[in-house]
Amino acid sequence: MSALKTVLVGFGKVADTMRYDARMSRYFPDATHAQVLARHDSFDWIAVVDPSVEALKRASVEWNIGSCVARIADLEGRETIEAAVIATPPGDRHAILDELPGLRALLVEKPLGGTAEEAKTFVEACKKRDIVVQVNYWRRAVPAFRKLASGGLDEEVGNVQVVHGLYGNGLLNNGSHLVDFLRMLCGEIEGVDGCGRSYDAKMSSVPGDMQTACLLQLANGTHAVMMPVDFKAWREVGLDIWGTKGRLSVLQEGLTIARYQVAENRGVENEMEIDSSSVDVRDVDVSSCLQGMYDSLAGAVSGRCALLSPADEALASELTIHEIVARTRESA
């Protein structure tokens, strides 16, 4: 397959400037779309679209991109663009599709839509045009997490009994990552209950985002508690999974796995406990996750492999988020 002519729409943090974070680069050497696109053989990165003059200058000078424009309508030869990376807020996604008639592939940042209807309409529009869509729920591209999802979690903890989840900076922002990760590891979510008091997520990158606590009913009959935290104190997007054979925590926003074993109960005879004083801590290699998203997208376009994070999976996760929002507003 020849390299796909590619435009990067939105040239902000996740597209480019996160590469300046020296601490992040220790774990994510390819933290941004620009870093991967600049050297990926399957994508011919020829254009950047962003309304910011500073962003366009950065794309031109630092990445040597020849076509840097404020609007897609200003792109010369835009009908020849075959792939797009959409790193903008969700509101203008449909306009992007309409202005790129030759699209074959999309890599999209979450969320797919600011509302459930907007997300569903976007996915349906892509299906009608046979556009292959990968959504950047990056944990789906991490080998250690894929191993857990394919049977490793059952080996580690047995049958899941309860899950505690933490997120911050908004339901549509980081909450969607948490729900998607929960579905990946523990199975489908069948219902939402017990939403708590909500408040605005002012630091979220998604306009109008909110935070709240809720209880998620899993298809296996167990429950997950999802709680918001204030990132001004500390950051976390993580899951703490308690099962019949042990406990497994994925913490530091996916950089660490901690496993606790079942042992004899220290306070009661003939009973067992999760031994929280003895823990096996493992670092998670996340270095290739964004590269993996692009490899998977290219492979899906050519028919060589399946998508790691297809639009239907992302939509299922985000519809849960939108249901949480709706339930919270109903109870307000």
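This talk covers the pockets, one cavity, two helices and one loop residue of a predicted model.

Ground rules come first. Numbering starts from 1 along each chain as its sequence is written, and side-chain values use heavy atoms, with hydrogens and water left out. Because the model is predicted, local features need pLDDT of at least 70 and side-chain atom pairs count only at pLDDT 80 or more, while totals for chains, interfaces and linings use all residues.

Now the empty space. A 1 Å grid is laid over the protein atoms alone. A cavity is a set of points where a 1.4 Å probe fits but cannot get out. A pocket is an open set with protein on both sides within 12 Å along at least five of seven lines. Lining residues have an atom within 4 Å of a point. Points are joined across faces, edges and corners, and a volume is the space filled by probe spheres set on them.

Start with the largest pocket. Its volume is about 1300 Å³. The lining has 37 residues, and Lys13, Met18, Met24, Asn174 and Arg235 lie nearest the centre. Helix 1 (22-27), helix 7 and helix 8 (289-302) each give at least two lining residues. Helices here are DSSP runs of H or I, at least four residues, and strands are runs of E, at least two, numbered from the N terminus. By class, this lining has 17 nonpolar, 9 polar and 11 charged residues. For the classes, Ala, Val, Leu, Ile, Met, Phe, Trp, Tyr, Cys and Pro are nonpolar, Asp, Glu, Lys and Arg are charged, and the others, Gly among them, are polar.

The second largest pocket has about 210 Å³. Its lining includes Asn169, Tyr199, Asp200, Lys202, Phe231 and Lys232. The split is 5 nonpolar, 3 polar and 4 charged.

Next, the cavity. The structure has 1 of 30 Å³ or more. Gly165, Leu178, Leu182, Leu216, Ala224, Val225, Met226 and Leu239 line it. Helix 7 (171-186) and strand 12 (223-228) each give two or more of those residues. Strand 12 gives the most, with 3. What about charge in this lining? There are no charged residues, with 7 nonpolar and 1 polar.

Helix 7 deserves a slide. All 16 of its 16 residues are buried (under 20% relative accessible area, 1.4 Å probe, protein chains only; exposed is over 50%, partly exposed in between). So helix 7 is largely enclosed by the rest of the structure. A straight helix of 16 residues would span 22 Å, but helix 7 spans only 19 Å between its end C-alpha atoms. The expected span is 1.5 Å times one less than the number of residues. Just after the helix, Gly187 has a positive phi of about 100°.

Compare helix 5, residues 116-128. Its 13 residues should span 18 Å, and its end C-alpha atoms are 18 Å apart, which agrees. Ala119, Phe122, Val123 and Cys126 are buried. They fall within an arc of 95° seen down the axis, so they line one face. That arc uses directions from the helix axis to the C-beta atoms. On the other side, Glu117 and Lys128 are exposed. The cover over the buried residues includes helix 4 (93-99) and helix 9 (311-331).

Last, Leu308. It sits in the loop between helix 8 and helix 9. At 18% relative accessibility, Leu308 counts as buried. Its contacts (heavy atoms within 4.5 Å) include Gln134, Arg140 and Met293, not counting residues up to four places away in sequence.
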